[in-house]
Amino acid sequence: MSNTKKEESVSTKEKIETREPPLYKVLLHNDDYTTMEFVIAILENVFHKSNADATRIMLNVHHEGVGVAGIFTKEISETKISIVHELAQKNNFPLRCSMEII
């Protein structure tokens, strides 16, 4: 008689938790010098908004003092803010952009 030991294999499944990255609102701030046309161009070219959406957001910035240009992950928000500030500076406008976690 052979003495064989039966080994049991224990399979454990690790629960892998995945979470979506936090999202941030990119905000445009009103000032007394940046033209409405420039803000619309920024919204169309940097944030890929339609002319109608860009106009609506620009008017919100104008009347409320701030408007949401878009909602993105942290890295994308930071990149878009840098692009806006660079374009504003090149065009001699004081347009400011910020981000706020949702």
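## Exercises on a predicted protein chain

Leaving aside residues up to four places away in sequence, serine 77 has contacts (heavy atoms within 4.5 Å) with Tyr24, Val26, Phe72 and Met99. The model is predicted: local features need pLDDT of at least 70 and side-chain atom pairs count only at pLDDT 80 or more, while totals for chains, interfaces and linings use all residues. Residues are numbered from 1 along each chain as its sequence is written, and side-chain values use heavy atoms, with hydrogens and water left out.

**Exercise 1.** State which element holds serine 77 and whether the residue is buried or exposed.

*Solution.*
- Step 1: Serine 77 belongs to helix H3, residues 74-90. Helices (H or I, at least four residues) and strands (E, at least two) are DSSP runs, numbered from the N terminus.
- Step 2: The relative accessible area of serine 77 is 0%. Buried means under 20%, exposed over 50%, and partly exposed in between, with a 1.4 Å probe and protein chains only.
- Step 3: Serine 77 is therefore buried.

**Exercise 2.** Describe the surroundings of glycine 67.

*Solution.*
- Step 1: Glycine 67 sits in strand S2, which covers residues 66-73.
- Step 2: With 4% relative accessibility, glycine 67 is classed as buried.
- Step 3: Apart from residues up to four places away in sequence, glycine 67 touches Val26, Leu27, Leu28, Asn60 and Val61.
- Step 4: Arginine 56 is 11 residues from glycine 67 along the chain, and their C-alpha atoms are 9.4 Å apart.

**Exercise 3.** Set out the order of elements and the overall totals of the protein chain.

*Solution.*
- Step 1: The protein chain has 3 helices and 3 strands, in the order β-α-α-β-α-β from the N terminus.
- Step 2: Of its 102 residues, 27% are buried.
- Step 3: Among contacts with a separation of 6 or more, 72% join residues 24 or more positions apart.
- Step 4: The exposed area is about 7,900 Å², of which carbon and sulfur atoms supply 50%. Accessible areas come from the Shrake-Rupley method with a 1.4 Å probe; for residues, only the protein chains shown count as cover.

**Exercise 4.** Of the 4 salt bridges found in the whole structure, examine those of glutamate 100, arginine 56 and glutamate 86.

*Solution.*
- Step 1: Side chains of opposite charge can pair when their charged atoms come close. A salt bridge is a side-chain nitrogen of Lys or Arg within 4 Å of a carboxyl oxygen of Asp or Glu.
- Step 2: Glutamate 100 pairs with lysine 25, with the closest N and O atoms 3.2 Å apart. This pair links distant parts of the chain, since glutamate 100 is in strand S3 and lysine 25 in strand S1 (residues 23-29), 75 residues apart. Glutamate 100 is partly exposed at 38% relative accessibility, and lysine 25 is partly exposed at 25%.
- Step 3: Arginine 56 pairs with aspartate 53 at 3.7 Å, N to O. Both lie in helix H2 (residues 51-64), 3 residues apart, about one turn of the helix. Arginine 56 is exposed at 52%, whereas aspartate 53 is partly exposed at 33%.
- Step 4: Glutamate 86 pairs with lysine 90, the closest N and O atoms being 3.2 Å apart. Both are in helix H3, 4 residues apart, about one turn of the helix. Glutamate 86 is partly exposed at 43%, whereas lysine 90 is exposed at 60%.
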